[in-house]
Amino acid sequence: MYTRGVYALRDLTLTIGKGDFVFLTGPSGAGKSTLLRLLLRQDVPSAGHLIVGGRSLSKMSASQVQTYRRSVGFVFQDFKLIPTRTVYENITFVPRVLGQPVAVQRRKAFQVLKWVGLQHRLNAFPEELSGGEQQRVAVARALINDPALVLADEPTGNLDPDLALEIMNLFRDINARGTTVLVATHDRELIRRVGKQTVTLEHGLLVEDA
Amino acid sequence: MNAVVYAISEAWRSMWRRRGASLMAVLTASASLFVLGLLLLAGTSASRLLERWSAAAEFSVFLADGATPTERAAIERTLGSSGLVAGQAFVPAEEALRRFSRQFPDLAAAVASLPANPLPASYDVQLRPELARDPSVGRLAAQLRQQAGVSDVRYDRRWIERLLRLVGAARTAGLALVAVLTLAACLTIAGVVRLALHARRAEIEIMQLVGAPLAYIRGPFVLEGTLLGLTGAVVAFGVLVGVYLLGRDPIVAWAAGLVAAGDVRFLPLGVALSLVGGGAAIGCVGGLLAARTAR
């Protein structure tokens with residue numbers, strides 16, 4: 001609940017199974033991004049509980065939040081790449097700030113770059129990449145730490161339909177390896193083409209789970 | 001270890017990227033530390049000088065013309081029984097004249113041309129160092145002044161005390177100035193680090209989202225502040241050494257007779273290291289002030 005009694009989400013009961021691929025859809029202001037922020041523990045609910053992997057996010061201490069976030073990958077519409085760092089540095093940034101050895105950083109980086117098909121662009125800076133390539137870098141960064149859960153907030157919002165499908169195929173591949181994927185998007189056509197479980201929100205309420 | 005390596009590389013990268021602002025922070029820190037160093041240098045030299053003067057301070061008892069042996073014996077008894085005196089020496093009028101001629105050669109001829117020796121005989125009295133500042137010394141001087149055969153008593157400690165008070169006041173004013181400059185340096189460094197923090201807010205957000213430890217998030221900023229302060233301190237130290245080497249001989253020559261070369265010495269090693277460490281500490285505080293918003 002926001003201040004002045006406005007609800008971002010209310011009466012929401014939702015269970016997502018381990019290894020599921022779920023689309024979260026609805027119009028702007030429906031509460032999609034709020035739910036993702038709650039799942040990333042950027043916000044805490046004013047009432048109710050969020051349980052991820054058996055742990056209540058509301059009751060976590062600051063250090064537990066740090067540990068929890070290490071098991072979550074995230075992808076945003078605006079990519080959130082660091083403009084002053086190369087593709088390789090952007091991707092290794094995560095294991096680096098988690099204190100992993102350089103050899104491990106390098107091995108993981110080459111793995112995920114190969115996975116997203118960008119091994120030939122590792123020395124490029126974000127501004128030298130197309131929108132689709134930048135989002136693939138963001139996906140690679142989300143995957144480098146082998147997350148159990150990937151959260152994506154409008155990851156194809158800045159991409160044309162073909163590139164959007166390409167990114168969705170990457171998410172499908174990630175999901176096929178056992179990772180739970182939750183993608184927030186308002187692109188109904190894309191959801192239809194990918195064909196996965198869809199949760200629809202409106203004004204903070206769950207209106208459909210199909 | 002990884003956190004330290006990461007903090008060093010990121011701090012260096014950040015300082016280099018904003019080298020203009022970094023230079024300004026370094027100069028501000030070095031200005032305040034240079035003033036502090038200069039005050040310490042002047043303070044320790046003044047203390048050393050006053051210590052030497054204090055140790056050499058004499059209690060001089062000038063005799064009246066025609067003081068009789070009985071009166072002199074009485075004076076010696078007064079000095080001896082006071083318990084304040086470490087040693088005393090009778091200086092005849094002729095010896096006083098010779099000393100005067102040695103110390104003031106320009107005036108020696110003029111004094112020699114006088115029909116009679118104008119300088120009186122005296123006693124040079126060495127006080128016991130531990131009692132040299134005791135109030136009873138003043139009472140002894142007053143007692144001697146009343147004694148037959150004494151024309152005057154000169155007690156050097158009075159002006160040394162005044163000088164000590166003056167040095168103390170100058171030190172207090174200097175420390176106030178240093179406190180203001182230190183605060184300015186600290187806030188300048190905090191400002192520069194805050195700029196770095198602002199420029200890297202995207203990275204910080206990502207670090208927060210991936211669950212990076214606080215040491216990784218704040219470490220580079222604290223280290224950046226520390227390095228800026230340390231660099232400022234090293235610059236200040238270098239300038240201080242230069243000023244000392246260039247200024248020592250002219251000062252000793254200018255104040256010849258009052259100041260000896262041994263009085264003007266560089267800061268003791270511990271003080272010098274504290275100065276450099278202090279610079280790093282100022283920077284560290286500035287970095288901490290700025291970094292506390294990143295969590």
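Colleague: Which way does the crossing of H4(A) and H5(A) go, left-handed or right-handed?

Modeller: Bear in mind that this is a predicted model. For handedness you look at how the near helix is turned relative to the far one. Here, H4(A) and H5(A) make a right-handed crossing. The helices in question are H4 (residues 102-116) of chain A and H5(A), whose axes come within 9 Å and cross at roughly 140°.

Colleague: How should I name an angle of roughly 140°?

Modeller: Over 145 degrees would count as roughly antiparallel, and this angle falls in the oblique class. H4(A) and H5(A) are therefore oblique to each other.

Colleague: Which residues make that contact?

Modeller: From H4(A) you have Val112(A), Trp115(A) and Val116(A), and from H5(A) there are Arg136(A), Val139(A), Ala140(A) and Leu143(A). Sorted by class, the contact of H4(A) with H5(A) has six nonpolar residues, no polar ones and one charged.

Colleague: And at what angle do H5(A) and H6(A) pack?

Modeller: Helix H5 (residues 131-143) of chain A and helix H6 (residues 161-176) of chain A pack at about 15°, and their axes are 10 Å apart. Angles under 35 degrees count as roughly parallel, so H5(A) and H6(A) are roughly parallel to each other. Their crossing is right-handed.

Colleague: What does H5(A) put into that contact, and what comes from H6(A)?

Modeller: H5(A) brings Gly132(A), Gln135(A), Arg136(A), Val139(A) and Leu143(A). H6(A) answers with Leu163(A), Glu166(A), Ile167(A), Leu170(A), Phe171(A) and Ile174(A). By class, the contact of H5(A) with H6(A) divides into seven nonpolar, two polar and two charged residues.

Colleague: Let's go to the interface. How many residues does the contact take from chain A and from chain B?

Modeller: Start with residue counts, then look at buried area. The contact takes 21 residues from chain A and 19 residues from chain B. About 1800 Å² is buried between the chains, with carbon and sulfur atoms giving 57% of that area. On the chain A side, Arg85(A), Arg96(A) and Val97(A) lose the most area to chain B, together 28% of what that side buries.

Colleague: Where do H3(A) and H1(B) fit in, and how do their axes cross?

Modeller: Same reading as for a pair within one chain: distance, angle, then contacts. The axes of helix H3 (residues 87-97) of chain A and helix H1 (residues 2-17) of chain B come within 12 Å and cross at roughly 135°. That makes H3(A) oblique to H1(B). Glu89(A), Phe93(A), Arg96(A) and Val97(A) of H3(A) touch Tyr6(B), Ser9(B), Glu10(B) and Arg13(B) of H1(B). The contact of H3(A) with H1(B) splits into three nonpolar, one polar and four charged residues.

Colleague: What are the confidence scores for the complex?

Modeller: The predictor gives the complex an ipTM of 0.81 and a pTM of 0.66. Chain A has a mean pLDDT of 87, and 97% of its residues reach 70 or more. Chain B averages 84, with 95% of the residues scoring at least 70.

Colleague: Which elements of each chain have the lowest and the highest mean pLDDT?

Modeller: Where pLDDT is low, the predicted coordinates should not be read in detail. In chain A, strand E8 (residues 205-209) has the lowest mean pLDDT (74) and strand E6 (residues 180-184) the highest (93). In chain B, helix H5 (residues 105-112) is lowest at 79, and helix H3 (residues 69-81) is highest at 90.

Notes: Residues numbered from 1 in each chain as written. Chains lettered and ligands numbered in written order. Predicted model: local features only at pLDDT ≥ 70, side-chain atom pairs only at ≥ 80, totals over all residues. Heavy atoms only, no water. pLDDT = per-residue confidence, 0-100. Helix = DSSP H or I, 4+ residues; strand = E, 2+ residues; numbered from the N terminus. Axes fitted to C-alpha atoms, helices over the stretch in contact; angles between N-to-C directions. Parallel < 35°, antiparallel > 145°, perpendicular 65-115°, else oblique. Contact = heavy atoms within 4.5 Å. Nonpolar A, V, L, I, M, F, W, Y, C, P; charged D, E, K, R; others polar. Buried area = accessible area lost by both parts, 1.4 Å probe.
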